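Student: I would like to go through this model with you. Where shall we begin?

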Protein chains: 2
Amino acid sequence: MAVKKAVKSSRKSKSVVKSSKPVILISNDDGITAPGLRNLVEVMKTIGEVVVVAPDSPQSAMGHAITINKPLRLDKVDVFPGVLSYQCSGTPADCVKLAVNKVLHRKPDLLVSGINHGSNSSINVIYSGTMSAAMEGAIEGIPSIGFSLCNFSLDSDFTAAKHYVKIIAKNILKIGLQEGTLLNVNFPYLPLSKIKGIKICRQANAKWKEEFDERMDPNKRKYYWLTGEFINNDKGEDTDEWALSKGYVSIVPVHFDLTAHHAILHLNSVKWNG
Amino acid sequence: MAVKKAVKSSRKSKSVVKSSKPVILISNDDGITAPGLRNLVEVMKTIGEVVVVAPDSPQSAMGHAITINKPLRLDKVDVFPGVLSYQCSGTPADCVKLAVNKVLHRKPDLLVSGINHGSNSSINVIYSGTMSAAMEGAIEGIPSIGFSLCNFSLDSDFTAAKHYVKIIAKNILKIGLQEGTLLNVNFPYLPLSKIKGIKICRQANAKWKEEFDERMDPNKRKYYWLTGEFINNDKGEDTDEWALSKGYVSIVPVHFDLTAHHAILHLNSVKWNG
């Protein structure tokens, strides 16, 4: 079932957006000044009425954090010509909640998050602030997509990514997404001519092998810095890691029902109640 | 397939734990001083060799955040008599990573997180720091369980919860967990005599309807405080919300493969590559 309800969400009179074009909410986790966000705004302006609500500072690896123990700030900023934009003191998920409740006063027709500087494929989806904004959108019933480029540099070339962002966003505006699902899109860092196309994938069974760099501060107190090596043990040719390694854009449909249905039988083998 | 590998993980010589009893790592998100943690330590001491690595301050609603942009502190503390304990400046997921890499130097036989002050049933699993510690354990191949009591008060009575924690932990030490899965356990806030038993459940399709309390600070600048109302639209009698409302302890098996496999067909209906 396509989420037509969300796509056709009611436009309350107090909404700030009066456009007849699709209303597109943009957020990210690298913060309001990140080049990936600017590139995403540039593409989305060509297909809809854009509103930006993004963190006022980088929020990478924030997972699905929300701010409940302190107040949030939301300030209008003038960073993208002709685009209503706000910076927020909270997490990516906070940005989405505030955008819907306090800026748009309605659900947007589409939520896009990113473009993240760095991959959010496979297990990275769990730690990702970019995907957290998209997941919050999906929880609220908004068709939502997280975009990430497999390159960490702030000087990355987003040309190829922008080409595919437009194709994907236009298609999702047309077909919607199944209820309770969102998309995790990753772009290989290749020139447009070298990208082979788009693959619908599953999340690869990969993980980080952590190391902690142990250091001494100037006061001779120990501290640790997280580092790690990415390990993909998944040999499948239907995973996001496989697709990216072969030069494809990977799209993984994601959901927020974390139930491991296949494990219920195993657990019911225990006589829990004597 | 039970995670026998994890349960029988190799004991490297530099491990701090020399016990022949099962080694149990405990973390939480309410911080090292939370009563829920103290109660969990008390129970787990009766079935294994306990090591605690918990945040040095409350980390509620941290989702699966990890700390990559600043250093982490890890300090030995003396809060639980006879129990090796550390406080960490990071998130619950950081605590688990540091515990395995820098304290235990091996995988524990079991990881338990909590007991959280407040429910982590249904959609709350997404925002939960308690469940994030357990999820990090599962990613590392450790049988992992998050425990939460459906009461926010710091003065909560944990008697009934402790009774069931022991039953559940002992059973999981015996049967293991299926690869890539962990448990989300919630206790109704009832006296032991009123609890009907344990139910294996699926995550209810429920959500928060957010509101933001809009206030003015002493400098006349606006700020927002997140509030909300919990809405359960799921009529199923196999959900965690249903079980808790009927006086059962709910156990939901959870996994970190977020792929919405059922959505792949729908997405493949698009001619992505022209």
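Tutor: Keep in mind that this is a predicted model. Start in chain B, where I115(B) lies in strand β5.

Student: Which residue is joined to I115(B) by a cis peptide bond?

Tutor: Look at the bond on I115(B), within strand β5 of chain B. Omega there is about -10 degrees, and the bond is cis. The partner is G114(B).

Student: In chain A, which strand holds I115(A)?

Tutor: A cis peptide bond joins I115(A) to G114(A). Its omega is about -10 degrees. I115(A) is found in residues 110-117, strand β5 of chain A.

Student: Back to chain B. What are the edge strands of the open sheet of nine strands?

Tutor: The order is β3-β4-β2-β1-β5-β6-β7-β11-β8, with mixed pairing. An edge strand pairs on one side only. In chain B that gives β3 (74-77) and β8 (197-200).

Student: By how many degrees are neighbouring strands of this sheet turned against each other on average?

Tutor: Direction is ignored here. The average turn between neighbouring strands is 25 degrees.

Student: What is the bridge partner of L25(B) in β2(B)?

Tutor: Strand β1 (residues 23-27) and strand β2 (residues 49-55) of chain B run parallel. Four bridges join them. For L25(B), the partner in β2(B) is V51(B).

Student: Which helix of chain B lies across β5, β6, β7, β8 and β11?

Tutor: Two helices need sorting out. Helix α2 (residues 35-44) of chain B lies across β1, β2, β5 and β6, and runs at about 140 degrees to β5(B). The helix you want runs at about 170 degrees to β6(B). It is α6 (residues 159-175) of chain B.

Student: Now chain A. Are α2(A) and α6(A) parallel or oblique to each other?

Tutor: Their axes come within 10 Å and cross at roughly 50 degrees. Angles under 35 degrees would count as roughly parallel, and 65 to 115 as roughly perpendicular. The angle here falls in neither range, so α2(A) and α6(A) are oblique.

Student: Is that crossing of α2(A) and α6(A) left-handed or right-handed?

Tutor: Residues that meet include N39(A) and L40(A) in α2(A), and K162(A) and V165(A) in α6(A). By class, the contact has five nonpolar, one polar and two charged residues. The crossing is right-handed.

Student: How many residues of chain A are in contact with chain B?

Tutor: On the chain B side, 60 residues take part. Strand β11 (residues 248-255) of chain A gives the largest share of the chain A side, five residues. By class, that side has 35 nonpolar, 18 polar and seven charged residues. The chain A count is 60.

Student: Which residues of chain B is N101(A) in contact with?

Tutor: N101(A) lies in helix α3 (residues 92-104) of chain A. With 19 C-beta neighbours inside 10 Å, it is partly exposed, because buried takes 20 or more. Its contacts, leaving aside neighbours within four places in sequence, are E210(B) and F212(B).

Student: Is K220(A) buried or exposed?

Tutor: K220(A) sits in the loop between β9 (206-216) and β10 (222-232) of chain A. Its phi is positive, about 65 degrees, although it is not a glycine. It has 6 other C-beta atoms within 10 Å, and 12 or fewer is the cut-off, so K220(A) is exposed.

Student: And where in chain B does H105(B) lie?

Tutor: H105(B) is not a glycine, yet its phi is positive, about 55 degrees. It counts as partly exposed, with 15 C-beta neighbours inside 10 Å. Its place is the loop between α3 (92-104) and β5 of chain B.

How values were computed: Residues numbered from 1 in each chain as written. Chains lettered and ligands numbered in written order. Predicted model: local features only at pLDDT ≥ 70, side-chain atom pairs only at ≥ 80, totals over all residues. Helix = DSSP H or I, 4+ residues; strand = E, 2+ residues; numbered from the N terminus. Contact = placed C-beta atoms within 7 Å. Nonpolar A, V, L, I, M, F, W, Y, C, P; charged D, E, K, R; others polar. Axes fitted to C-alpha atoms, helices over the stretch in contact; angles between N-to-C directions. Parallel < 35°, antiparallel > 145°, perpendicular 65-115°, else oblique. Left-handed = near helix turned anticlockwise from the far one by under 90°. Pairing = 2+ DSSP bridges.
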